[in-house]
Amino acid sequence: MEIQITTLSENTANYGFLAEWGLSILIEVDETKILIDTGLSFSAVHNAQLLGIDLSTIDRIMLSHGHADHTGGLREVLRRTGEIVVIAHPDIWAFKYARRDQEEEQYVGIRFCREEMESLGARFDLGRQPVHITDRVMTTGEIPMTSRYEEIDKDLFVKAGGMLQPDKLDDDLALVIDTDFGLVVVLGCAHRGIVNTLRHAQNLTGQELVYAAIGGTHLFRASDERVEQTIADLREMGIQRLGVSHCTGFRASARLAQEFEDIFFLNNAGTRLTLP
Ligand SMILES: [Fe+2]
Ligand SMILES: [Fe+2]
């Protein structure tokens, strides 16, 4: 089993590619192409074109959650894919906000209405349970908060009845590939915690070994204690490739790079890798 992972959009970019705050990763496995997220605007389609990737050949889209930096490129992507199944959690349509420090609240949710996306070909497959895409490729469904030290970003909210309430990010999904060499897990933002996500993937598949975790880890405001605990748990899971992106942040990325040395990499726009 061979897996190709191509990052189409990320906060930083390799030479020649466009960067923007967001994430979009293309997975090719078992002759199936799955696009996880779409970036914030047009960088994913632009970078796909540079790489010679024909987005009309994609089989599925998975939206890791409703935030605009993962869903904002959906219109541009759908213009190229045409009719396609879009797997996500129903809460992607919640009215999502961020409010950092004393700043004013900012809308950070989906920027399109469902009808427009459907008119462009999106066939939404919305649910709370894991979805199998192939025998060995599945979404996580809702991720339980099981670790002692991971918590959801307290600056994220949903608005209901005119009031901001903490966003539990139930819509946070990851993609799990159960390979002969261990689990490969591709993360959007890991809002419900990278370790919670990986533990859930282990429980879903019965596979203990986590070979690779790739994508956003939302450690950018994590305490040193949380980062150290995360490192210890990743070690225990036997991780052999760690490619962080996006909301990992500089500080946690630097610490992970120092700790994991050559199994660590920054997963930027334009990064292509083949596993194992
Ligand atoms: Fe997010
Ligand atoms: Fe994000």
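**Notebook: salt bridges and an iron site**

I started at Asp180, which has a relative accessibility of 60% and so counts as exposed. The cut-off I needed here is that exposed means over 50%. Note to self: this model is predicted.

**Entry 1, Asp180 and its partner.** Which side chain does Asp180 meet in a salt bridge? I found Arg136, with 2.9 Å from N to O. I then looked up where the two sit. Asp180 is in the loop between β13 (174-179) and β14, while Arg136 is in the loop between β9 (132-134) and β10 (137-139), so this pair ties together parts that lie 44 residues apart in sequence. Arg136 is partly exposed, at 30% relative accessible area.

**Entry 2, Arg123 and Glu83.** Next I asked how many salt bridges the structure holds. The count is 24. One of them pairs Arg123 with Glu83, and their closest N and O atoms are 3.4 Å apart. I traced Arg123 to strand β8 (residues 122-126) and Glu83 to the loop between α3 (74-81) and β5 (84-88), so to speak distant parts of the chain, 40 residues apart. Is Glu83 buried or exposed? I got a relative accessible area of 61% for Glu83, so it is exposed. Arg123 came out as partly exposed at 37%.

**Entry 3, helix to helix.** I moved on to Arg255, which forms a salt bridge with Glu228, the closest N and O atoms being 2.7 Å apart. This pair links helix α7 (residues 250-260), where Arg255 sits, with helix α6 (residues 224-236), home of Glu228; the two residues are 27 apart. Both ends got an accessibility check: Arg255 is partly exposed at 22%, and Glu228 is partly exposed at 35%. I also noted a network in which salt bridges with shared partners join Arg100, Asp153, Asp155 and Arg221.

**Entry 4, the iron.** Which residues coordinate the iron ion (ligand 1)? I listed His65 through NE2, His67 through ND1 and His191 through NE2, at 2.1 to 2.2 Å. The spacing of these donors in sequence reads H-x1-H-x123-H. I also looked up the distance from this iron ion (ligand 1) to the iron ion (ligand 2), and it is 3.3 Å. Why does the site tie distant bits of sequence together? His67 is in the loop between β4 (60-62) and α2 (68-71), and His191 is in the loop between β14 (182-187) and α5 (194-205), so this pair connects parts 124 residues apart in sequence. Last check of the day: His67 and His191 are both buried.

Conventions:
Residues numbered from 1 in each chain as written. Chains lettered and ligands numbered in written order. Predicted model: local features only at pLDDT ≥ 70, side-chain atom pairs only at ≥ 80, totals over all residues. Heavy atoms only, no water. Donors = N, O, S within 2.8 Å, 3.2 Å for Na, K, Ca; no water. Helix = DSSP H or I, 4+ residues; strand = E, 2+ residues; numbered from the N terminus. Buried < 20%, exposed > 50% of the residue type's maximum accessible area, 1.4 Å probe, protein only. Salt bridge = Lys/Arg side-chain N within 4 Å of Asp/Glu carboxyl O.
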